[in-house]
Amino acid sequence: MSYRDIYQEDNALAQERFALVCERIREAAREPETQEAFADFFQRTAAFILLTAEVWKMQQEGMLKRRSLEECEQLNERLYADILPGGYETSYANPVYAVSRLGSEYGGMLCFLYAECRALIAYAFEGRLADMTVLLELFVEIYTCFCDQSGTDAEEIRQILYWHFHDYSEIRVAQSVREGIDPQLDFFTEIVREADLDDLTYLYQYGEYISENERKSAEYLSSLSDEQIQAMADTFTEGYRIGFEVTNKDLSRKKTVSIHYAIGFERVVRRAMENFAKLGLDTVIFRDAVSSMGNRGHGKKGCYSTAANRQFDYDHRNDSAYYLDKAFVERRLEVLRDAYETHRELAAVYGGPAVQEVFGEEPFAPANHKEAAHYDEKQQKLLVYYANQAGQITNQYIKGEERSYTIIAYPLPAIGQGYEQIFAETVKINTLDYMHYRNMQQKLIDVLDQAQRVHITGKGKNHTDLYVSILPLQDPQTQTAFENCVADVNIPVGEVFTSPVLQGTSGVLHVTGVYLNELFYKDLELVFTDGMITGYRCANFKDPEENMRYIHENVLMQHETLPMGEFAIGTNTTAYRMARDYQIAERLPILIAEKTGPHFAVGDTCYSHAEDTKVYNPDGKEIVAKENEISKQREHDPWAYFNCHTDITIPYDELDRITAVLPDGSLIDVIRDGRFVVPGTEELNVPLDTPEHQKNRDSD
């Protein structure tokens, strides 16, 4: 059975409704019957909807796979033109424009409606007529309200939107669960397996926005030899396999793996799928969220392209505020549990994600628009509650102690001049000799394991002054507090990390600039008291309250506070050197950036939901620092997990010292003036010993 068979019955039932609703929409596109102030909105939105209906027809007739490259590009431009930066200023997808044209009472709601209608692109390409029909009927219901020349009741519109999403959530949640674990939903794996990857028209079969990043990535990978592509795939899949091995998890019990990747990397993904098949794993691929019910705009997951417009994504990241309430959350949780129960056998054999990230786009500092949707205080608490409860439900069916993952990153052409050289350097970084790093990292651990706490200080403009408490070892001969992280699940190699003791972990963490979850932060500062965030600020906006909201939404993830879930020291000075030589430090993903200096994660520990699984370092010592005072309460406290983990890195050139403070008060420097000083780790300084670096050190 394929995705076509799965959708066939629902599509057949929807055909008559689809035909009827399309006729009504054609009338709106020709001559809207609404009040004059709203005619342009409904006419333009109807025209867009009819364009997606054309796409659906092309999909049914097999035309989407028989287009020239020029035809593909033209349709892609038509589908995305009004959210691209050039068209967004006068698009009803822009809440600022929508409110200015339609008024504050209706502008936001209609902007939200149009943003939801953009999901029709994905549904049309995938042949999901039933999903298209539901959205079209919502549009027509609201359009009909505005056809009443005596006036429109704003509360009626709110109620229509509210009940649509409440009613539809049952279907959408069930679909979302299945999409993540069922290889029979093979729309994307079919593209990867069967497409002619030398013909760039395959990129346009997804229905995603295709930019120079996707085209040039595909072209560049096409220029690499089969051996190079195979080596990239092997690094990726071997990391996944080793992840199960080093955590003593049984990979043979798993039957599926989900691959997350950026469009354009299909050559590597195809080989990875073949490798996974040899491990007994079928591949699952799903699309990044296209609806507010899937957390559209909250980072990329699944299969995706680079954003058509990151400001559009940011403006609509909180769109569920239009319908989010206690009843919606409770119903969604009930449906989530039912969906997992229905597919419990699929969930039990799902091994976890294999993730290929991309990096290189210019750091994005968003504009905060008051016209965009925002969560009120009650909704913020509901989001935290939902994330907590949903995480627990998911873990009951996809058990943390049985699953693993791997993650790797490659640059995009957007990184600019030197792209091919940076790509080659990244491949080298991803395949560094982990044995060599393992031995040097063990030298660091031997010192850190003696510490009662670690003192971290910045230099120059960085005013970090922070103490981190370390778990005391009951038996130093067989136990360790730090994991010696080599290149397995977390590629590239290069860090030692621990779960800090919260009591006594206090002070200020500061970075002059950092890129977290695709958003840029200037002068980010977090204050910790006994391991919990008690203050925060940044300098992105003039208004201090706006800066605090920005951090609260995107770093604290709506929580009032978060614990420090991880303290680590990155050792990959080779990656640091690459970033400086090519001046791309601000464009590195967290995955690589965290290896280029000490970093501190806010949220859950690295061992979330798997604290009871025994884990050992290569030297045979058991890692015992896997929980903190909060996660220790997990068996009886539903709030023991925060369902987020964000790493914040201090680069070497902003770092003064990392000092181990022993129980007797004596001090051992691990890093001094941004350089490793533990005997046996001197080689880590070699990439820092360049004339340019020395000049910077002298000027500091």
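## Reading sheets and a helix pair in a predicted model

Visitor: Which strand does strand 14 pair with, and in what sense?

Guide: In this predicted model, strand 14 (residues 564-570) pairs with strand 15 (residues 598-603) in the antiparallel sense, over five bridges. Within that pair, isoleucine 569 stands opposite proline 598 in strand 15.

Visitor: What is the strand order of the open sheet that contains this pair?

Guide: The order is 9-10-14-15-17, an open sheet of five strands with antiparallel pairing. Strand 9 (483-485) and strand 17 (645-649) stand at the edges, and because each has a single partner strand, one side of each is left without a neighbour in the sheet. Neighbouring strands of this sheet are turned by 25° against each other on average, direction ignored.

Visitor: Which helix lies across strand 9, strand 10 and strand 14?

Guide: That is helix 19 (residues 434-448), which runs at about 160° to strand 9.

Visitor: How should one describe two packed helices, and what does the description give for helix 15 and helix 17?

Guide: In general, the angle between the axes and the distance between them describe such a pair. Here helix 15 and helix 17 pack at about 10°, with their axes 10 Å apart; since angles under 35 degrees count as roughly parallel, these two helices are roughly parallel to each other. Among the residues of helix 15 in this contact are Val329, Leu333, Leu336 and Tyr340, while those of helix 17 include Leu382, Tyr386, Ile393 and Tyr397. The contact residues divide into 10 nonpolar, three polar and five charged.

Visitor: Which residues of helix 15 are buried, and what covers them?

Guide: As a general guide, an α-helix has 3.6 residues a turn, so residues three or four places apart point the same way. In helix 15 the buried residues are Phe328, Val329, Arg332, Leu333, Val335, Leu336, Ala339 and Tyr340, and what covers them includes helix 9 (154-181), helix 16 (344-348) and helix 17 (377-397). The length of helix 15 (residues 326-342) can be checked as well: at 1.5 Å a residue its 17 residues should span 24 Å, and the end C-alpha atoms are 24 Å apart, which agrees.

Visitor: Which strands stand at the edges of the open sheet of eight strands?

Guide: With antiparallel pairing, that sheet has the order 13-12-11-7-6-18-19-20, and strand 13 (532-537) and strand 20 (675-676) stand at its edges, each with a single partner strand, so one side of each is left without a neighbour in the sheet. Strand 12 (residues 519-529) is joined to strand 13 by five bridges, the two running antiparallel, and glutamate 525 stands opposite arginine 537 in strand 13. Helix 20 (residues 544-554) lies across strand 12 and strand 13, at about 85° to strand 12.

How values were computed. Residues are numbered from 1 along each chain as its sequence is written. This is a predicted model: local features need pLDDT of at least 70, side-chain atom pairs count only at pLDDT 80 or more; totals for chains, interfaces and linings use all residues. Side-chain values use heavy atoms; hydrogens and water are left out. Two strands pair if DSSP finds at least two bridges between them. Helices (H or I, at least four residues) and strands (E, at least two) are DSSP runs, numbered from the N terminus. Axes are lines fitted to C-alpha atoms, for helices over the stretch in contact, and angles run from 0 to 180 degrees between N-to-C directions. Contact means heavy atoms within 4.5 Å. The expected span of a helix is 1.5 Å times one less than its number of residues. Buried means under 20% relative accessible area, exposed over 50%, partly exposed in between (1.4 Å probe, protein chains only). Angles under 35 degrees count as roughly parallel, over 145 as roughly antiparallel, 65 to 115 as roughly perpendicular and the rest as oblique. Ala, Val, Leu, Ile, Met, Phe, Trp, Tyr, Cys and Pro count as nonpolar, Asp, Glu, Lys and Arg as charged, and the others, Gly among them, as polar.
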